[in-house]
Amino acid sequence: MIRSVTAATREIDDAEAAVAEITAALGLEKNLRKNSLGIISCFSEFADTGVLKAVCDALPFDCVGATTCLCAARAEIDQIILTVTVLTSDDCDFQTAGIPIGDNYENSVNSALTALLAQNGKPALFLSYFPLMNTISGDMMLTAIDKATGGIPLFGTTALDHTMDYSTAQTVYNGEAFREKLVLAAVCGAPNISFHIASLDETKFRSQKALITASDGNILIGVNGKTALEYLEEIGLTKAELASGLGVIPLVVDHKDGTEPVVRAVFALTPDGHAVCGGAMPVGATLTIGRVDRNDVLRTTENTVKPLADQEGVVLSYSCIARYLVLGADNAAEAEKVRAAVGEAPYLFACSGGEICPLLAADGRLKNFYHNYTNVFCKMS
């Protein structure tokens, strides 16, 4: 069984005060079981001021996580905040790994995870914190992990920050922040775990469906035998609209394998008319255009999290930056929905640069997916 306790601080300059606030709220002496893990979510400048390292150094267990532009724990919701969510257990164990992601990332992932599995056996779950990189997509990292582990469930987020170009988005491992490091935490034992997603409202999908006819990983090359740009223009999107609003055009991908459809963001168009997307665009999958608005964001999250509030355990929630942006000036509204639903139970909410969560396949097994425009939830006890 896994128990959890959370803490938060806004002390971004005073490391000593931040450590005192976090450790007092966690109540380490009375709350820790035999094995523990810390999950960090924070504004990126906490790494620059030394507060992040000081807090992690003060905790007697490994810490993993990522930076973000807004997060919440306990009664605290803010942008400039650091939160710590502690998982602690007598009968579950936690093993961590930090894996550099570069040209030979597949070999690095395979070597690190082969060694971890050989030492500790098959975990129930990997909590996963992906770096936000232009050259290696989240789906590429997910595929490498799946290959190395045989498809052990992954849940987590991609690093994010508050800047226009996400230049300070970093993963976190034991107090250090990294631009190009994959951070994983294996949850070993037999915890009670369930996964849930709040995505787009299916009633808002366009009726036209198309077939992906050519792609290269996350690059959408051909749709119905045309280039991606030709297809998007054919269904009524102008070049001006595409140039100004790529990030708010959700592409809904149905893999036709019995799993729920997943949503992809379009990040850029190439000179050849191809679309750079936020996840894999497999040939043979069907494609349609979705829509995201404020009311849908709040309603889908509320409907998903409410049933979880009546169960024991901690709720981990990572929500796409696109959902945050749609909320406009009221950008904490989705976090408020999560906080209101869980009440006094421990929880973590953070905005995400790409969400990692398994879905149930037609054969009843969990299959890992990388998501956009989605709020993913893991309930753990």
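A pocket is an open set of points on a 1 Å grid over the protein atoms alone, with protein on both sides within 12 Å along at least five of seven lines. The legends below describe a predicted model.

**Figure 1. Overall view of the predicted model.** The protein contains 11 helices and 26 strands. Along the principal axes, its C-alpha atoms fill a box of roughly 65 × 45 × 40 Å. The radius of gyration is 20 Å, which agrees with the value near 21 Å for a compact globule of 381 residues.

**Figure 2. The second largest pocket and its lining.** This pocket has a volume of about 230 Å³. Its lining is formed by K122, G150, G151, I152, P153, A361, D363, R365, L366, K367 and N368. Sorted by class, these residues comprise 4 nonpolar, 3 polar and 4 charged ones.

**Figure 3. The largest pocket and the elements around it.** The space in the largest pocket amounts to about 1100 Å³. It is lined by 46 residues, and those closest to its centre are L132, N134, Y166, F267 and G353. Helices α6 and α10 (321-326), together with strands β19 (266-269) and β20 (275-277), each supply at least two lining residues. Of the elements, α10 gives the most to this lining, with 4 residues. By class, the lining of the largest pocket consists of 27 nonpolar, 15 polar and 4 charged residues.

**Figure 4. An open sheet of 6 strands that begins with β5 in its order and ends with β13.** The full order is β5-β4-β23-β22-β26-β13, and the pairing is mixed. Strands β5 (76-78) and β13 (193-198) are the edge strands, each pairing on one side only. On average, neighbouring strands of this sheet are turned by 10° against each other, direction ignored. At one edge, β4 (residues 71-73) and β5 run antiparallel and are joined by 3 bridges. One pair of bridge partners is A72 and I77, the latter in β5.

**Figure 5. Helices packed on the sheet of Figure 4.** Helix α9 (residues 294-305) packs on this sheet and touches β13 and β26 (375-380). The direction of α9 makes about 160° with that of β13. Helix α11 (residues 333-342) also packs on the sheet, where it touches β4, β5, β22 (314-320), β23 (347-352) and β26. Between the directions of α11 and β23 the angle is about 165°.

**Figure 6. An open sheet of 6 strands with the order β7-β12-β8-β9-β24-β25.** The pairing in this sheet is mixed. Its edge strands, β7 (93-100) and β25 (366-371), each pair on one side only. From one strand to the next, the twist averages 20°. Strand β24 (residues 355-360) runs antiparallel to β25, and 6 bridges join the two. Within this pair, I356 stands opposite Y370 of β25.

**Figure 7. Helices α5 and α6 on the sheet of Figure 6.** Helix α5 (residues 105-120) lies across β7, β8 (125-130) and β12 (181-188) and runs at about 160° to β7. Helix α6 (residues 138-149) packs on the sheet and touches β8, β9 (154-158), β12, β24 and β25. The direction of α6 makes about 160° with that of β25. Helix α6 is also one of the elements that line the largest pocket, shown in Figure 3.

**Figure 8. Strand β14 with two antiparallel partners, β15 and β21.** Strand β14 (residues 210-216) pairs with β21 (residues 286-289) over 2 bridges. In this pairing, A210 faces L287 of β21 as its opposite residue. Strand β14 also pairs with β15 (residues 219-223), here over 4 bridges. A214 stands opposite G222 in β15. Together, β14 and β15 form a hairpin with 2 residues between them. In the turn of the hairpin, G217 has a positive phi of about 65°.

**Figure 9. The single cavity of 30 Å³ or more.** The largest cavity has a volume of about 40 Å³. The residues that line it are I40, S41, A66, T67, T68, Y129, T157, T158, Y318, A350 and C351. Strands β2 (35-42), β3 (63-67), β9 and β23 each give two or more residues to this lining. Of these strands, β23 belongs to the sheet of Figure 4, and β9 belongs to the sheet of Figure 6. The lining of the largest cavity divides into 6 nonpolar and 5 polar residues, with no charged residue.

Notes. Residues numbered from 1 in each chain as written. Predicted model: local features only at pLDDT ≥ 70, side-chain atom pairs only at ≥ 80, totals over all residues. Heavy atoms only, no water. Pairing = 2+ DSSP bridges. Axes fitted to C-alpha atoms, helices over the stretch in contact; angles between N-to-C directions. Contact = heavy atoms within 4.5 Å. 1 Å grid on protein atoms, 1.4 Å probe; cavity = no way out; pocket = protein on both sides within 12 Å on 5 of 7 lines; lining within 4 Å. Points joined across faces, edges and corners; volume = space filled by probe spheres on them. Nonpolar A, V, L, I, M, F, W, Y, C, P; charged D, E, K, R; others polar. Rg over C-alpha atoms; globule rule 2.2 N^0.38 Å.
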